[in-house]
Amino acid sequence: MTENLYPAFGILLVDDEPAWLRSLSLTLESSAGITNTSLCQDSRQVLGLLDGGGIGLVLLDLTMPHLSGEEVLKEISERHPAVAVIVISGLNQVETAVRCMKSGAFDYFVKTDEEDRIVGGVLRAVRMMELQRENLEMSSRLVSGELRHPEAFTGIVTGDRSMLALFSYVEAVAKSPQPLLITGESGVGKELVARAAHRLSGCRGKLVTVNVAGLDDTVFADTLFGHVRGAFTGAEQARRGMVEEAADGTLFLDEIGDLSIPSQVKLLRLLQEGEYFPLGSDLPKRLRARVIVATHQDLPAREGTGAFRRDLYYRLRTHQVHVPPLRERRGDIPLLLDHFLEEAARDLGKKKPTPPQGLAQFLSTYGFPGNVRELKAMVYDAVSVHRDRMLSMDSFVKAVERAAPQAGGAPSPAPRQNPFSGFAELPTFGDAAGFLVMEALERAGGNQTLAARLLGISQPALSKRLKMLKG
Ligand SMILES: Nc1ncnc2c1ncn2[C@@H]1O[C@H](COP(=O)(O)OP(=O)(O)OP(=O)(O)O)[C@@H](O)[C@H]1O
């Protein structure tokens, strides 16, 4: 990756006053990190520049010699309807503004407006264009209904629709030079998604992962940017930073939500300027890696409390995926169970054991706060202690009990809904208890210990119920 221009498409600034053009482009760069701009002083050249392609947004003055801004706007709307136009005029006239909006302008500002307002309007247009591009990519995928590179996701076991949609999105944005933000609870597979995105990016370099949680600011800077010899006491050798290690590849920053504020400033500067200084050096180096970040934190909430910088959050969220927790895709549990049984048996040099009947059912009643990582650990634990052909249910039951002591060992309950509320006529208490017991036994594959746990009662209590049912 050789460029780090933002946004991915060009923004053309058109005005006959060179001083205004320069000042606007500097403002956009310093307050919003917008660097992918080009300047045009002659309105007659605008359409030719657009014909050349690559421009997504035009910031247009109205009062210009030769061809007026309003004429240019009309031509753009007809010949390049996909290009957004923001008018930034010296005229504060409502009629002109209305006419421009009717001719297809995305927004209208007066040059004397506060800088913040103008920059905000440009950022809104950029976001809209980015969303449109993503939508186009996504819908072309939906039409074809399949992934172009399913092999990039082979390590991620899933059959869940929301995960498959996420794969589509990751494919759609894989070649974007903008960062990709991956959110989701701990253990859901965010790192696997980052690996898939790296594979799809087409970058030749490697994927370099840095867990930034707990790094103090100096260590963060040293880890990412490296240092020159003699940069500080003890720096006897120069050290390459991870940004350089990741050149032509991907830099994956995990636990980004836990980054200190000073380090957030450094990261923002790196993303905005595409340049950094190794400690002790005044020769800048270019960022030549795609950046992917992940967090289990709620970034908007952290932004709200001031723990996460707003400008960095906006910069990072250009492309964002959320990996759902395992309890929201319970259909994946049997697939993952089988996958980890196979993997654990191979790693531990054992024959793949047969899981007891009802195990997947039992696990799907559990909340998995540690998500896929927790399920994987449970399976490895069970396979490592297992001896016979059939895997024992015991270690799973114990793991669930350890994790849910407050529920007396019972699996964590699904959100409570009254299953009887829609019944016109209620079953008797005895009938309802009977149905419940039969259902639990069915789910537990006939295993009474398990059925009792599912019902939150002791095994003797279940036996008694069964006797009553038979009698
Ligand atoms: N869908 C999946 N298929 C196969 N393995 C998975 C899947 N999801 C997660 N795993 C495995 O679960 C473990 C945790 O995954 P990963 O490290 O990617 O999670 P994470 O979301 O990045 O966690 P953290 O927030 O703690 O860094 C890894 O061993 C990973 O290989």
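A residue is taken to be near a molecule or strand if its C-beta atom, placed from the backbone, lies within 6 Å of it. The structure described here is a predicted model, in which local features need pLDDT of at least 70 and side-chain atom pairs count only at pLDDT 80 or more, whereas totals for chains, interfaces and linings use all residues. Residues are numbered from 1 along each chain as its sequence is written.

The protein chain contains 19 helices and 14 strands; helices (H or I, at least four residues) and strands (E, at least two) are DSSP runs, numbered from the N terminus. A residue is termed buried if 20 or more other C-beta atoms lie within 10 Å of its own, exposed if 12 or fewer do, and partly exposed in between, with C-beta atoms placed from the backbone. Of the 471 residues of the protein chain, 36% are buried.

The ligand is surrounded by 18 residues, of which V157, G189, K190, E191 and V372 come nearest. This shell divides into six nonpolar, seven polar and five charged residues. In this classification Ala, Val, Leu, Ile, Met, Phe, Trp, Tyr, Cys and Pro are nonpolar, Asp, Glu, Lys and Arg are charged, and the others, Gly among them, are polar. At least two residues of the shell are supplied by each of α7 (190-201), α13 (332-347) and α15 (371-385). Because domain 2 (152-322) and domain 3 (327-407) both give residues to the shell, the ligand lies between them; the domain bounds come from an automatic or database domain assignment.

Helix α7 has 12 residues and reaches 16 Å from its first C-alpha to its last, close to the expected 16 Å, the expected span being 1.5 Å times one less than the number of residues. Nine of the 12 residues of α7 are buried, so this helix is largely enclosed by the rest of the structure. The buried residues are K190, V193, A194, R195, A196, A197, H198, L200 and S201. Their cover includes α6 (161-173), β6 (180-183), β7 (207-211), β10 (250-254), β13 (290-295) and β14 (319-322). Helix α7 is followed by G202, which has a positive phi near 80 degrees.

Positive phi values also occur in residues other than glycine, including E255, at about 60 degrees, and N371, near 55 degrees. E255 is found in the loop between β10 and α10 (261-273), and it counts as partly exposed because it has 19 C-beta neighbours inside 10 Å. N371 is located in helix α15 and is buried, with 22 other C-beta atoms within 10 Å.

Technical notes: Contact = placed C-beta atoms within 7 Å.
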